[in-house]
Amino acid sequence: MTVRTRFAPSPTGFMHVGNLRTALYAWLWAKKNDGVFMLRIEDTDQARYVEGAIETAYQTLRAAGLNWDEGPDVGGDYGPYIQSERKDMYLPYAKKLVELGRAYYCFCTKEELDQKRAEVESAGGTYKYDKHCASLSEEEVQKRLASGESYVIRLNVPESGKADFDDAIFGHIEVDCAELDDMILIKADGMPTYNFANVIDDHTMGITHVLRGMEYLSSTPKYNLIYEAYGWEKPVYVHLTTIMRDATHKLSKRDGDATFEDLMNSGFLPEAVINYLALVGWSPGNDREFFTLDELKEAFSLEGLSKSPAIFDSAKLRWMNAEYIRKLSPEAYIGYAMPYLEKAGVAGMDRDILCRILQPRTEVFSDIGANVDFLAAFDENYDIELFTNKKSKTNPEICRAILGDVIPKLKAFPEWSETGLHDFLMNYAAEHELKNGTLLWPVRIAMSGRAVTPGGAIEIAALLGREEALKRLEKGLEKLSNA
RNA sequence: GGCCCCUUGGUCAAGCGGUCUAAGACACCGCCCUUUCACGGCGGUAACAGGAGUUCGAGUCUCCUAGGGGUCACCA
């Protein structure tokens, strides 16, 4: 039997990383089994529809490499793939349930119900629908229906007995029917509720494995009452734990946690994000941490899924992203970095040197700017105390002497290239019996005005070019002389 | 509050009754390399929530307690 999984987002906003991970696992499970991964849009709540949300889902999935075999845009044999377009198929199924005596028409208005609920809750109780309409006579129901009275259809949950199901991760889950409310299947607007549409769709679309968030775990026994009423075979349920921001809060866009889109915009590589996400809540069972999508497909298993929620660790994501960046070819690195280099105004400088000094220092591409901006825009108002460095044995006086002596020689030095400068400065230090650091420290500080820079004095000098480098060195000497 | 689920270092996690004086990774700390910072190399600190059982033996099984999460909508 072909494995069919689905990712079923509701178009109500952003794709946060938790959603993406759910999609990833569903994709992985389908692909691992040479099955079908389907995309279905659950838009039964018209009030919450957010413009552009479907596009965001498409883009995110595509950027992450999770292609879908069936979906609204690519079609398939089980369409339509948008619930609102399947609208007409739910009511007949609900009516069938009414015929079977497993559901009933309910004419209670939302207002009446809200009031009852408020009463019960203010008295400290737990509200549950009182089955008021379950005992309406057939005649009365028909009469009220004919008169055009607004209605909903509710599931008729047995008053005793158990409802249960088996979860691939959590095992057997069972609850007393007495705990369950008669949930609404068809809303007054004629649309199915999520719960009902979900069951009907998963069945009619041939879904074999339902991978979804933990929040559905406790309502799943109730869904199974529907499967049982129809005599349908149940899918394998796989409830995924929540990704948390900290021990007590789940990740949420509303609280400022990053969406996949945010991560892309700040210079994370999709491969790194996917790799990291795969490991939040799943383990291959061994030490391995680096996986391409294809490798994940091979390694993925339901057994490796975790039962407890995991905290999203952005420090580890950054580390992993940095690892991916370091593995990039120089050409690929420059390709990704270019927009940031341009923004920093250094795109015209020697790319070979830029790549060499930046690649091992880039955790996310967006931190390139702050690293290299001094190359394009020099702030000469740096603190003269930067010339003091214990390890390099420098202080402003020593630096003034060194710069005063070396600048004229540098001016006269013909070969302003990285190797030329390297040989020249190293020889200079040796001849004057200076530690390399003692010579290079003032040179680097004067050219950058920064205590910390990517690359050293030689790379910076080469990047800046003779004229600019000399100008900055002279400025440094001037500052030191006036001090 | 009722019901359901979860609980190994700060974080992700391995472990599926003996090989656990508990792996690996991130983070943190130290040392080395070094032209600052990073990279890289080496080393270190740090955990089975608590309590009862079961068993010759428990991180691994059972129960209780505590803590956390989820769910109780004409939202998905």
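Two strands are said to pair if DSSP finds at least two bridges between them. With that criterion in hand, the tour of this predicted model opens at a hairpin.

**Stop 1: the hairpin of strands 5 and 6**

Select residues 162-167, which form strand 5, together with residues 171-176, which form strand 6. The two strands run antiparallel and are paired over six bridges. Three residues make up the hairpin connection that leads from strand 5 to strand 6. Within this pair, display Phe165 and, as its bridge partner in strand 6, Ile173.

**Stop 2: His239**

Keep Phe165 on display and add His239, as these residues are in contact. His239 lies in strand 9, which spans residues 236-240. Is His239 buried or exposed? Its relative accessibility is 0%, so His239 counts as buried. Now show the side chains of Asp167 and Arg212. The side chain of His239 makes a polar contact of 2.6 Å with that of Asp167, and another polar contact, of 3.2 Å, with the side chain of Arg212. Beyond its neighbours within four places in sequence, His239 also touches residues including Ile169, Phe170, Met214, Tyr216 and Leu217.

**Stop 3: strands 3 and 4**

Move next to residues 103-106, strand 3. Ala103 and Tyr105 point to one side of the strand, while Tyr104 and Cys106 point the other way; all are buried. Adding residues 152-155 brings in strand 4, which pairs with strand 3 in the antiparallel sense over four bridges. Opposite Ala103, in strand 4, stands Leu155.

**Stop 4: helix 18**

Select residues 457-464 for helix 18, a mostly covered element in which seven of eight residues are buried. Among the buried residues are Ile458, Ile460, Leu463 and Leu464. To see what covers them, show helix 13 (351-358), helix 14 (368-376), helix 16 (418-431), helix 17 and helix 19, against which the buried residues of helix 18 pack. Just after helix 18, inspect the backbone of Gly465, where phi is positive at about 90°.

**Stop 5: the crossing of helices 17 and 19**

Finally, isolate helix 17 (residues 436-448) and helix 19 (residues 466-482), whose axes come within 8 Å and cross at roughly 105°. How are helix 17 and helix 19 oriented to each other? The two helices are therefore roughly perpendicular. On the helix 17 side, Val443, Ala446 and Met447 make the contact, and on the helix 19 side Ala469, Arg472, Leu473 and Gly476 do so. By class, this contact consists of five nonpolar residues, one polar and one charged.

Technical notes
Residues are numbered from 1 along each chain as its sequence is written. Chains are lettered from A and ligands numbered from 1 in the order in which they are written. This is a predicted model: local features need pLDDT of at least 70, side-chain atom pairs count only at pLDDT 80 or more; totals for chains, interfaces and linings use all residues. Side-chain values use heavy atoms; hydrogens and water are left out. Buried means under 20% relative accessible area, exposed over 50%, partly exposed in between (1.4 Å probe, protein chains only). A polar contact is a pair of N or O atoms within 3.5 Å; within protein, one must be able to donate a hydrogen and the other to accept it, and residues adjacent in sequence count only if both atoms are side-chain atoms. Contact means heavy atoms within 4.5 Å. Axes are lines fitted to C-alpha atoms, for helices over the stretch in contact, and angles run from 0 to 180 degrees between N-to-C directions. Angles under 35 degrees count as roughly parallel, over 145 as roughly antiparallel, 65 to 115 as roughly perpendicular and the rest as oblique. Ala, Val, Leu, Ile, Met, Phe, Trp, Tyr, Cys and Pro count as nonpolar, Asp, Glu, Lys and Arg as charged, and the others, Gly among them, as polar.
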